Amino acid sequence: MSTTQSDRLRGLLEPLVSAKELDLEEIEVSRAGRRRVLRVIVDSEDGVELDTCAELSRSISEKLDETDAMGEDEYVLEVSSPGADRPLTEHRHYVRATGRLARLTLHDGGELVARILGVDDEGLDLEVPGVKGRKPTSRRVAFDEIGRARVEIEFNRKDKKEEEA
């Protein structure tokens with residue numbers, strides 16, 4: 001997708017997404033056979049419900065029908081939340097992942113799997129799980145040390161909502 005089209009779509013869609021109190025994370029146009037696919041990824045502090053995605057999809061579809069932003073060719077619109085294993089790239093992603101286990105690839109070539117305990121403007125406070133019965137240790141990692149980061153999916157850990165119930 002060209003930068004001009006991306007900027008134009010972002011300009012059209014951002015107000016609709018913001019009106020639903022969501023963050024516009026990503027816009028992607030790709031090919032699927034003869035058709036194009038417009039994928040709009042949204043998120044919020046509390047996640048995104050399916051009904052909200054459906055409402056937003058209708059609003060986006062109406063807005064795109066009013067304009068020529070997608071041109072004359074057919075396209076499929078997909079509105080969804082990011083997957084559980086999406087990369088952490090923005091400060092708000094790390095904040096939302098507080099309490100979760102993350103895999104960090106550091107610029108020095110090291111890799112670290114640790115629980116995010118806190119996030120500030122400079123970096124992360126982490127708890128590194130102990131190995132073979134040892135106690136966990138604390139570690140501080142600055143954002144400029146991180147090459148890539150991704151939440152690790154934990155099947156046996158309760159989420160915040162389950163713990164509060």
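**Two sheets and the contacts around helix H3**

Let's start small: counting aromatic ring pairs in this predicted model gives one. The pair is Tyr94 with Phe143, and it counts as tilted because the ring centres are 5.2 Å apart and the planes meet at 55°, while edge-to-face would need an angle over 60 degrees. Tyr94 belongs to helix H3 (residues 91-96) and Phe143 to the loop between S7 and strand S8 (146-151), so the two rings tie together parts of the chain 49 residues apart in sequence. How buried or exposed are the two partners? Tyr94 has 5% relative accessibility, so it counts as buried. Phe143, at 23%, counts as partly exposed.

From Phe143 we can step over to the sheet whose strands flank that loop. This is an open sheet of five strands in the order S7-S6-S5-S4-S8, with antiparallel pairing. S7 and S8 sit at the edges with a single partner strand each, so one side of each has no neighbour in the sheet. From one strand to the next, the twist averages 40°.

Now walk across it. S6 and strand S7 (residues 137-142) are paired over six bridges, with Gly123 opposite Ala142 in S7. Next, strand S5 (residues 111-119) and strand S6 (residues 123-128) pair antiparallel over four bridges. A hairpin of three residues takes the chain from S5 to S6, and Val119 stands opposite Leu124 in S6. Towards the other edge, strand S4 (residues 101-106) pairs with S8 through five bridges, again in the antiparallel sense. There, Leu106 has Ile146 in S8 as its bridge partner.

The other sheet is also open, but it has three strands in the order S1-S2-S3 and its pairing is mixed. Its edge strands are strand S1 (23-32) and strand S3 (75-80), each paired on one side only. Here the twist averages 15° from one strand to the next. Nine bridges connect S1 with strand S2 (residues 35-43), and these two run antiparallel; in that ladder, Glu26 is partnered with Ile41 in S2. Helix H2 (residues 50-66) lies across S2 and S3, at about 145° to S3.

What about charges? The whole structure contains 17 salt bridges. One of them joins Glu25 and Arg92, with the closest N and O atoms 3.1 Å apart. It's a long-range link, since Glu25 is in strand S1 and Arg92 in helix H3, 67 residues apart. Glu25 counts as buried at 16% relative accessibility, whereas Arg92, at 28%, is partly exposed.

Arg35 and Glu74 also meet in a salt bridge, at 3.2 Å from N to O. Because Arg35 lies in strand S2 and Glu74 in the loop between H2 and S3, this pair ties together parts 39 residues apart in sequence. Arg35 is partly exposed at 43% relative accessibility, and Glu74 is exposed at 54%.

Back at helix H3, the side chains of Glu45 and Arg96 form a salt bridge of 3.5 Å, N to O. Glu45 comes from the loop between S2 and H2, 51 residues away from Arg96 in helix H3. Glu45 is exposed, with a relative accessible area of 54%, while Arg96 is buried at 17%. Through shared partners, salt bridges join Asp23, Glu25, Asp43, Glu45, Arg92 and Arg96 into one network.

Note on methods
Residues numbered from 1 in each chain as written. Predicted model: local features only at pLDDT ≥ 70, side-chain atom pairs only at ≥ 80, totals over all residues. Heavy atoms only, no water. Pairing = 2+ DSSP bridges. Axes fitted to C-alpha atoms, helices over the stretch in contact; angles between N-to-C directions. Contact = heavy atoms within 4.5 Å. Phe/Tyr/Trp six-rings, centres within 6.5 Å; stacked < 30°, edge-to-face > 60°. Buried < 20%, exposed > 50% of the residue type's maximum accessible area, 1.4 Å probe, protein only. Salt bridge = Lys/Arg side-chain N within 4 Å of Asp/Glu carboxyl O.
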